[in-house]
Amino acid sequence: MTDITTKPKAKVEIKVERPRLHKVILINDAYTPREFVVTVLKAEFRMTEDQAMRVMMTAHRRGACVVAVFTKDVAEAKATNATDLGRSQGYPLLFTTEPEE
Ligand code: TYC
């Protein structure tokens, strides 16, 4: 029987980075009714009345408020859907997205 010696194989280490999350941001405007903003937040972001009211009032007072964070695709889809809900009623309601630091 022949003795075969093999060198240990080099280990290949594959590093997978977590996908960067993206923020959905609610922008204040002077025309969209408060109650409509709350309705959209509840419908698109599964918030309770209380959570939606707080987010809406923060955007109203400070100009903008982070609604939630998602993967890029989900954040963009939700921002577009929520903005379109406002457009469908003739409101300038706007949701934007940006990558998290
Ligand atoms: N500022 C609006 C008003 O007074 C209400 C509002 C709040 C609109 C938050 C947009 O992102 C918003 N009717």
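Student: Which residue in E3 is the bridge partner of Leu26?
Tutor: This is a predicted model, in which local features need pLDDT of at least 70 and side-chain atom pairs count only at pLDDT 80 or more, while totals for chains, interfaces and linings use all residues. Residues are numbered from 1 along each chain as its sequence is written, and side-chain values use heavy atoms, with hydrogens and water left out. Strand E1 covers residues 21-27 and pairs with E3 in the antiparallel sense over six bridges; strands (E, at least two residues) and helices (H or I, at least four) are DSSP runs numbered from the N terminus, and two strands pair if DSSP finds at least two bridges between them. In E3, the partner of Leu26 is Phe95.

Student: Which strands stand at the edges of the sheet, and why is one side of each left without a neighbour?
Tutor: The sheet is open, with three strands in the order E2-E1-E3 and antiparallel pairing. Each edge strand has a single partner strand, so one side lacks a neighbour in the sheet; these strands are E2 (64-71) and E3 (94-99).

Student: What angle does the direction of helix H3 make with that of E3?
Tutor: Helix H2 (residues 49-62) packs on the sheet and touches E1 and E2, with its direction at about 130° to that of E2. Contact means heavy atoms within 4.5 Å, and angles run from 0 to 180 degrees between N-to-C directions of axes fitted to C-alpha atoms, for helices over the stretch in contact. Helix H3 (residues 72-88) also packs on the sheet, touching E1, E2 and E3, and its direction makes with that of E3 an angle of about 165°.

Student: How far from a nitrogen atom of the ligand does a polar side-chain atom of His60 lie?
Tutor: Polar contacts are pairs of N or O atoms within 3.5 Å. A backbone N or O atom of Ile27 lies 2.8 Å from a ligand oxygen, and a polar backbone atom of Asp29 is 2.7 Å from a ligand nitrogen. For the side chain of His60, the distance to a ligand nitrogen is 2.9 Å.

Student: How much of the ligand's accessible area does the protein cover?
Tutor: Areas come from the Shrake-Rupley method with a 1.4 Å probe. On its own the ligand has 350 Å² of accessible area, and the share covered by the protein is 89%.

Student: Which element gives the largest share of the shell around the ligand?
Tutor: The elements that give two or more residues are E1, helix H1 (34-45) and H2. The largest share, three residues, comes from H2.

Notes:
Polar contact = N/O pair within 3.5 Å; in protein donor to acceptor, adjacent residues only side chain to side chain.
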